[in-house]
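Q: Please take a close look at a single loop position in this structure, and set it against the overall picture of the protein.

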Amino acid sequence: MTVVGPFGLSVRDQALEADVQAGLAAVEEGLLEATKSEVPFITEAAQHLVRAGGKRFRPLLVMLAAQFGDPYAPGIVPSAVVVELTHLATLYHDDVMDEADVRRGVPSANQRWGNSVAVLTGDFLFARASHILADLGPEAVRIQAEAFERLVTGQILETAGPRDGRDPVEHYLDVIGGKTGSLIAVAGRFGAMMSGADETVVDVLTQYGERLGVAFQLADDVLDIASESTESGKTPGTDLREGIPTLPVLRLRERVARLGLAEDVALSELLDSDLTDDARHAEALTLLRAHPALEQARRDTVRYAQEARATLAPLPEGKAKGALVELCDLVVHRAG
C-alpha cells in the first residue's frame, strides 16, 4: 500500500500507482509550464500558489477516472492541468473577495501584492487554461464553459445570500454545488471522456464528482471549526473570523429557529459579533466545537460522501473503482 499525492490516497496496485503517480508528475510539470510568462513578475505571481502545493484533488480524480478507458490517452494530462488551473484561478479571486491573508500556508497573493495583482493573476490563469482547452476540442470547451458558468453563479449566489423564504441550508448547498461540485464533476468527466470510456461511465463519474465535490467542501467547513492545526491550509476558524456562514453555523441558526434554546441563541449572537477580536474568536471556536451543530454538519458530509459512493455501483469492479471508493472514505475522515 502506498500513498499517492498530497491528498493521501492509498493505492494497493502497483500498475495503478505507477499510472497515477506518472500522471500527477506530468500535471505538475504542465502547471509550471502553463504559468510561465515572458514577464518574470507574472511568472512569480502565477506560480505562487502552484509552488505552495495543495491536495491536487482534481487532477487525482482525472487520473483515476481515466483508468476506465485508455489512461495514456493524450488529452488526459492537459485536461487535468486545465481543471487545476481553473481551480487555482478561483483561489486568487476568492482570497480578494474574502480579504484572506493566508492560502496553503503562505501569504495570499492579495496580501503579498495587493488586490489588483491577485485579480489579474487569476484572469491570467483562466486565459492559460482556455488556451490549453482549445486544443482538446469543442466539446471540452463547452463542458468547461458550462462548469465555469455554474462556478460563477455559485459565487454570486453566495454573495447575494438566500432570497426571502428560501431555506439557508438549501441555498448554501446550491452555492457549493456550483462553486466546488461543478469543477470536481468536470475532473471526473474529463478523465473518463479523454480516455475514451463508455458514455455511461462518463455520466457516472460526472455524477460522482459532483457529489464528492460537495462532500469535500462540507468536510472543509467542519475542518475549519474542528481542526486544531492548519490541516486545511488555513488558520482554524478563518471562515468564522471573516463572517462566512458555513454549514456548522447555518445548522446552529436552524436549531435556534426550531428550538430557541438560550445557549444556542447566545452562541448565535456571539458568532454574529465582531470575531476579529482574538478572545471572542477563541470563545466562539471552543463553543461551536462542542455544539451539536458541528456533528450535524459532519453527518451532512457523510451523507454526500455516501451518495457519491453509491453512484459508483454501475462501474466494473477493480482497483480504480476501489480507489474512488476510498476517496469517499478519505473525505469523511477529514471531517472527523
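A: Accessible areas come from the Shrake-Rupley method with a 1.4 Å probe, and for residues only the protein chains shown count as cover. On that basis, the accessible surface of the protein is about 14,800 Å², and carbon and sulfur atoms hold 53% of that surface. This is a predicted model, in which local features need pLDDT of at least 70 and side-chain atom pairs count only at pLDDT 80 or more, while totals for chains, interfaces and linings use all residues. Residues are numbered from 1 along each chain as its sequence is written, and side-chain values use heavy atoms, without hydrogens or water.

The position chosen is Arg 56, in the loop between helix 3 (48–51) and helix 4 (57–65); helices are DSSP runs of H or I with at least four residues, strands are runs of E with at least two, and both are numbered from the N terminus. Arg 56 is not a glycine, yet its phi is positive, at about 50°. Most residues other than glycine have a negative phi. The relative accessibility of Arg 56 is 5%, so this arginine counts as buried (under 20% relative accessible area; exposed is over 50%, and partly exposed lies in between, with a 1.4 Å probe and protein chains only).

Two other positions offer a comparison of setting. Asp 13 also occupies a loop, between strand 2 (9–11) and helix 1 (14–34), and is partly exposed at 24%. The C-alpha atoms of Asp 13 and Gly 318 lie 9.9 Å apart, although 305 residues separate the two in sequence. Ile 156 belongs to helix 8 (residues 138–160) and is exposed, with a relative accessible area of 52%. From Ile 156 to Asp 19 the C-alpha distance is 38 Å, across 137 residues of chain.

The protein as a whole has 16 helices and 4 strands. Its radius of gyration, 20 Å, is close to the 20 Å that the globule rule gives for 336 residues, so the protein is as compact as a globular protein of that length; the radius is taken over C-alpha atoms, and the rule is 2.2 Å times the number of residues to the power 0.38. Buried residues account for 51% of the 336.

Confidence is expressed as pLDDT, the predictor's score for each residue from 0 to 100. The mean for the protein is 91, with 94% of residues at 70 or more. Among the elements, strand 1 (residues 2–4) has the lowest mean, 61, and helix 9 (residues 168–194) the highest, 97. Where pLDDT is low, the predicted coordinates should not be read in detail.
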